[in-house]
Amino acid sequence: MAATSATMAVADVSSSSYSKTHLLKSSQISFLSNHLHKHRRCAFRPLPPTQYARISCSVAPNQVEAPIPIQAEDTKNKPECYGVFCLTYDLKAEEETKSWKKLINVAVSGAAGMISNHLLFKLAAGEVFGPDQPIALKLLGSERSIQALEGVAMELEDSLFPLLREVSIGIDPYEVFQDAEWALLIGAKPRGPGLERADLLDINGQIFAEQGKALNAVASRNVKVIVVGNPCNTNTLICLKNAPDIPAKNFHALTRLDENRAKCQLALKAGVFYDKVSNMTIWGNHSTTQVPDFLNARIDGVPVKEVIKDHKWLENEFTEIIQKRWGAY
């Protein structure tokens, strides 16, 4: 990024002097200007802003000092930023962003997967946090998916979303989750051929235990965690137990699809639109063992069992429909 323009000055000193002219960057001029106050009768006049500015000053020979070299920032321990997102922005200096909220850090695991491929662009477009909420995306992948993750970063870069101010990618959760205010844990190992359920739980348990520890160590103390990777209820519990310094209420298992399915079936049975159904809860994992809780649900504010009189349907068919709904499409 080009150096920031600065206002330069010409100083004249009355003592026996030595004149020297330098072509300096603004950071070096800052050093010299801090030393000019030692001399008498200094008069300053502004020069036009430019990337580099010429300063001519008269000082005693023993006062001439070499400019302090600019120290490069140590980025060895920082997550890898990508392309244009390595540049920094000064939101206060941009007229069109004055009404924007403070930047938030959003971490996404499994960022190279298909679910993330849909979600990330909605996040960047402001469809999740709002049209005035700038975000920094912190994308977590694996050694196997790092090239695909770079491709995702390229797509985000080329899309030129105004609200997307930073993108960083990495495979270490302790780096990627640094200062995260939202953590969307999408990545999980799917069950493949020959993989027993117990083995799958063991593998995913290790993944979410490690991510919970990383969140506990480096994320914001008020980070909101949403677990999508299945079995999401179990994974959420494992993650929560490994992050004791983060409030338990900040952890959420995304069984929203099953909740929506249950609301839809209750609405159809009651003959109402589904926005009338509330207080719907799903117990258990996203699987055929889940239990949709109609006992605490409401239809237009009234307990479900008082609206739907077919209790046999509620206790038998309703639960089975929700458990096996995924197989219908």
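Helix α5, residues 197-218, gives the most to the lining of the largest pocket, with five residues. Helices here are DSSP runs of H or I with at least four residues, strands are runs of E with at least two, and both are numbered from the N terminus. The model before you is predicted: local features need pLDDT of at least 70, side-chain atom pairs count only at pLDDT 80 or more, and totals for chains, interfaces and linings use all residues. Residues are numbered from 1 along each chain as its sequence is written, and side-chain values use heavy atoms, with hydrogens and water left out.

Let me stay with the pocket. Its volume is about 1,400 Å³. A pocket is found on a 1 Å grid over the protein atoms alone, as an open set of points where a 1.4 Å probe fits, with protein on both sides within 12 Å along at least five of seven lines; lining residues have an atom within 4 Å of a point. Grid points are joined across faces, edges and corners, and the volume is the space filled by probe spheres set on the points.

Which residues are the closest to the centre of the largest pocket? Of the 42 that line it, they are Ile186, Gly187, Ala188, Lys189 and Gly229. Besides α5, helices α2 (114-125) and α7 each supply at least two lining residues. By character, the lining divides into 20 nonpolar, 14 polar and eight charged residues. In that count Ala, Val, Leu, Ile, Met, Phe, Trp, Tyr, Cys and Pro are nonpolar, Asp, Glu, Lys and Arg are charged, and the others, Gly among them, are polar. Domain 1 (83-253) and domain 2 (255-325) each contribute at least three residues to the lining; these bounds come from an automatic or database domain assignment.

I turn now to charged pairs. Side chains of opposite charge can pair when their charged atoms come close. The whole structure contains eight salt bridges, each defined as a side-chain nitrogen of Lys or Arg within 4 Å of a carboxyl oxygen of Asp or Glu.

Helix α7 spans residues 256-270. Within α7, Arg256 forms a salt bridge with Glu259, the closest N and O atoms being 4.0 Å apart. Because these two residues are three apart in the helix, about one helical turn separates them. Arg256 is partly exposed at 45% relative accessible area; the term covers values between buried, under 20%, and exposed, over 50%, with a 1.4 Å probe and protein chains only. Arg256 and Glu259 also belong to a salt-bridge network together with Lys263.

Another residue of α7, Lys269, meets Asp310 in a salt bridge of 3.5 Å, N to O. This pair links distant parts of the chain, 41 residues apart, with Asp310 in the loop between α8 (304-307) and α9 (311-324). Both partners are partly exposed: Asp310 at 35% and Lys269 at 38%.

Elsewhere, Lys122 and Glu127 are joined by a salt bridge of 3.3 Å, N to O. Lys122 is partly exposed at 41% relative accessibility, whereas Glu127 is exposed at 56%.

Next, the aromatic residues. A pair of aromatic rings is described by the distance of the centres and the angle of the planes. The structure holds five aromatic pairs. One of them, Trp313 with Phe318, is tilted, at 5.5 Å centre to centre and 40 degrees between the planes. Rings of Phe, Tyr and Trp (its six-membered ring) pair if their centres lie within 6.5 Å; planes under 30 degrees apart are stacked, over 60 edge-to-face, and the rest tilted. Both Trp313 and Phe318 are buried, and with Phe294 they form one aromatic cluster.

Finally, the backbone. Most residues other than glycine have a negative phi, and most peptide bonds are trans. Where does a cis peptide bond occur? It joins Asn230 and Pro231, with omega about -5 degrees. Pro231 lies in the loop between β8 (224-227) and α6.

Leu160 has a positive phi, near 55 degrees. This residue sits in the loop between α3 (146-159) and β6 (164-170) and is exposed, with a relative accessible area of 69%. Asn279 likewise has a positive phi, of about 60 degrees. Asn279 is placed in the loop between β10 (277-278) and β11 (281-283) and is partly exposed at 49% relative accessibility.
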